[in-house]
Every structure is written in C-alpha cells, then in structure tokens.
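The following exercises are to be worked with the sequence and the 3D structure at hand. Each task is followed by its solution in steps.

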Amino acid sequence: MLAIRLVFESFGFALRALKANLLRTTLSLLGVTVGIFAIIAVFTIVDSLEKSVKESLNFLGTNVIYVGKWPFLGGDGPDAWKEYLKRPNVSYSEYRFLKANLKTGQAVAIYAGANSTLKQGTNSISRIRITGGSTDYEKIYDVDIDRGRYLSNAEIEGGRNVVIIGAEVANALFPSEADPIGRNITIRNQKFMVIGTLAYQGQSFMGFSSSDYSAIIPYFTFRKMYLTGTGRWNEIQSQIGLKGYESDLGLVQLENEARGFIRGKRQIKPEVKDNFALNRPEAISNAISGVFDIIGVAGWVIGGFSILVGGFGIANIMFVSVKERTPIIGLQKSLGAKNYFILFQFLFEAVFISLIGGVAGIFIVYLITFLPFGDLDVAMSFANITLGLGVSISIGVISGIVPAAMAARMDPVTAIRSN
C-alpha cells in the first residue's frame, strides 16, 4: 500500500515539475529522445535488413550441405582461387556413391544450371536459369509446385524432355492461357513438354533471381544439352546437395560422413587437404550477422553521445528540482517521512522524465516504419521496444540517483530554514 502511494505521489510531483518548467524539461528531454531514436532506429533498420537478406538466401535451402569445387566464402586468402581452380569437378559417380552410402542424411541430389532462352510460338523470354536436377532435388530446394507435378524417376533417369517452369516464365510464354500444363516450349532448339509450374515467389530484397524466372529439367536431359561431367575446365560444374536433419549435431555428423566418403572416393591421403568444398548456407548467414553486429555497435556509439547529453540534462533538472523543493523536503521529513521515501520520490521523477523522452524516441521510430523503403520491410520488434524502454529507465536512474540521495540525506531543520 505504501509503495503504491509512493508511486502516485512521485508521479504527481513529476507532472507538476514538468508543467512548472515545461520548456526547460522539454529541452533536456531532447537528448534522451534523440539518443533512443538513434539506437532503436539503427537496430530496427539492421534487424529488418538482416531478416530480408537472410530471407533472400532461402533459395539455398535449409539444413543443406553443398559439395562443390568452390567455397561460398572466399576460402583461405586472396590467392586461394588458384588452388581451387585445379580441383576436380564434382562427378555423377560421386553422387551415386554418396547416395548409396550416406546414412545420416535425408536426401542426396546432383544438379547443374545454365542460362538460356525459352520460346513458345512467337513468345520468348531470355536469361532464364535452367536447372537439371536429379532425384530428390525437390527435397534439397523445397520446390513449390503450383500446378501440375514434379519430375518422375522415369523421366529423370530416362532423360526425357519435360520441364517445370516458373510463374513469370509461364506468364511470358502463355500470356493468354490459364493453364500451360501439357503444352510444348522450346529450349536450345529442343521441344519440352510443360508438366508443372512453380508458385509465384516475387523479387527478393538482394535482387537474387527467384524461381519465377527459372525452369527445371531432368539432370540427364541437361547433360545432353550442355557440356558437363567430362572433366574439362570449361564444363558447367555440377553440385551435390545433401539434406540433413533439423539439428546442428545432425548436420555436423552428415558433414563429417560426407567428407570421409568423398576423400575415400577420391583416394586422398590422410595428410593431404580436401580438394573439394563442403558449404553450408549458415556460414553466409553468420558472416552477414557479424557485419550487422558491427553496424549495431556504431548505432550504440552514435546514440550513446546523445543519451549522455540527455542524462546530464535530466541530472541538471533534478538538482534544480531538489533545490526548489528543499523546504518541502524538510517539512516531509519533519512529519515522519523516511529517507527512502524522499529518495524514491526524486528517483521516480527522474525515471519518469527520462521515460517520456524514450517513449517519444520509440514513437518516432514507429512512425518511420510506415515510410516506403522499396523492397525492404521495416518493422520494429518487441525486443527493440523493450531495449529502448530499458535504456530510458537506466538513464533516469543514473541521472537521478545523486540528486535523490542528496535530498534523502538532508537535515529536516536545515531544509525548512532554507526558505
């Protein structure tokens, strides 16, 4: 009961102080407002950017390990590419070997891709990514079929001329038809029958080509059309995708097992380094997170100076407030008010003033989220709101603790006579 009364009385004192010195208090609050705005705005933009970038990488699949010639993240130095260039390409026999022997994965697939022009009658669309996929390719990349079906095992193993096309490809080649299933299109002067279409995905934030501008054909059909699997330096390189289970331990086990089998298949001696790369999309996400962490630190530095100025302003208000209310403090203590009552009264006032500035800064950030940022979807998270309020309360406590302690230690007689 006493605590509730203390809160309400402190709230009343804070409101009266704000009304009595509105201009002075508002100017002092600007530092906290700007500081909280800078920190929360940076964190909101960073979180939104990070989320959008990682969502743009969804085309790489989830819980997947890729076996290839080149590492995703540059490797061991600026000249490492010379070593990677000498590595052998991934082969179909290695894919068959992994598929037959791996025990810890869910799916294994080999695929390769190239850009081409697709035609249907007088309609055509260029720079479409043609991917030749084996069995289980749809499990690696989570292929989202909108109409029709996926490639059958007989079509894949037989190298038949069937194709699954993206949403924008279907719109370009069949603008006046509702359903292109069963119709023929031309790829590199060969006729392909459309057996399925992919669900519309839309443009990614990073500008990566989405499945809307892609087509999937059987892997053996792709090999008949493009130079691959020959071991030549200028061939289109295939990659093997390994689908693991949804746990870090499962992916580590899959990675270790795959490394052992590939080294054995290629007869690599124990003392010799791998001549292949095992890539995980999580490595790219972690690198991106590291960059955004640095940006977050910059936000703390920029906002920290403004908050520091705002803290000094609140401390100044509290010192003036203590001086102006010294007789009242003496009267309260002479009537039996405890030191902690006086302490919390002024401390609550400092926190309340700082909190107003913090809420104002958060509200400005909230208004900014309604502005258009192109493909970037900016949203303020509950965690950032909590952070802003927490920093505001902390600044209020730090700025008000010394003036509040001075007020609590005053001698009642001396305080009353100060009038």
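A residue is called buried under 20% relative accessible area, exposed over 50% and partly exposed in between, with a 1.4 Å probe and protein chains only. The model is predicted: local features need pLDDT of at least 70, side-chain atom pairs count only at pLDDT 80 or more, and totals for chains, interfaces and linings use all residues. Residues are numbered from 1 along each chain as its sequence is written, and side-chain values use heavy atoms, with hydrogens and water left out.

**Exercise 1.** Determine whether asparagine 189 is buried or exposed, and state where it lies.

Step 1. Asparagine 189 has a relative accessible area of 76%, and therefore counts as exposed.
Step 2. Its place is the loop between strand E6 (184-187) and strand E7 (190-198); strands (E, at least two residues) and helices (H or I, at least four) are DSSP runs numbered from the N terminus.
Step 3. Its phi is near 65°, a positive value in a residue other than glycine.

**Exercise 2.** Compare the span of helix H9 (residues 248-265) with the expected one, then examine the residue with positive phi just after H9.

Step 1. The expected span is 1.5 Å times one less than the number of residues.
Step 2. For the 18 residues of H9 this gives 26 Å, and the end C-alpha atoms are 26 Å apart, so the two agree.
Step 3. The buried residues of H9 include Leu251, Leu254, Glu255 and Arg263.
Step 4. Just after H9, glutamine 267 takes a positive phi of about 55°, although this residue is not a glycine.
Step 5. Glutamine 267 is in the loop between H9 and strand E10 (277-279); its relative accessibility is 70%, so it counts as exposed.

**Exercise 3.** Describe how helix H12 (residues 339-368) packs against H11 (residues 326-334) and H13 (residues 382-408).

Step 1. Axes are lines fitted to C-alpha atoms, for helices over the stretch in contact, and angles run from 0 to 180 degrees between N-to-C directions.
Step 2. The axes of H11 and H12 come within 10 Å and cross at roughly 145°.
Step 3. Contact (heavy atoms within 4.5 Å) is made by Ile329, Gln332 and Lys333 of H11 with Asn339, Phe341, Ile342, Gln345 and Phe346 of H12.
Step 4. The axes of H12 and H13 come within 7 Å and cross at roughly 145°.
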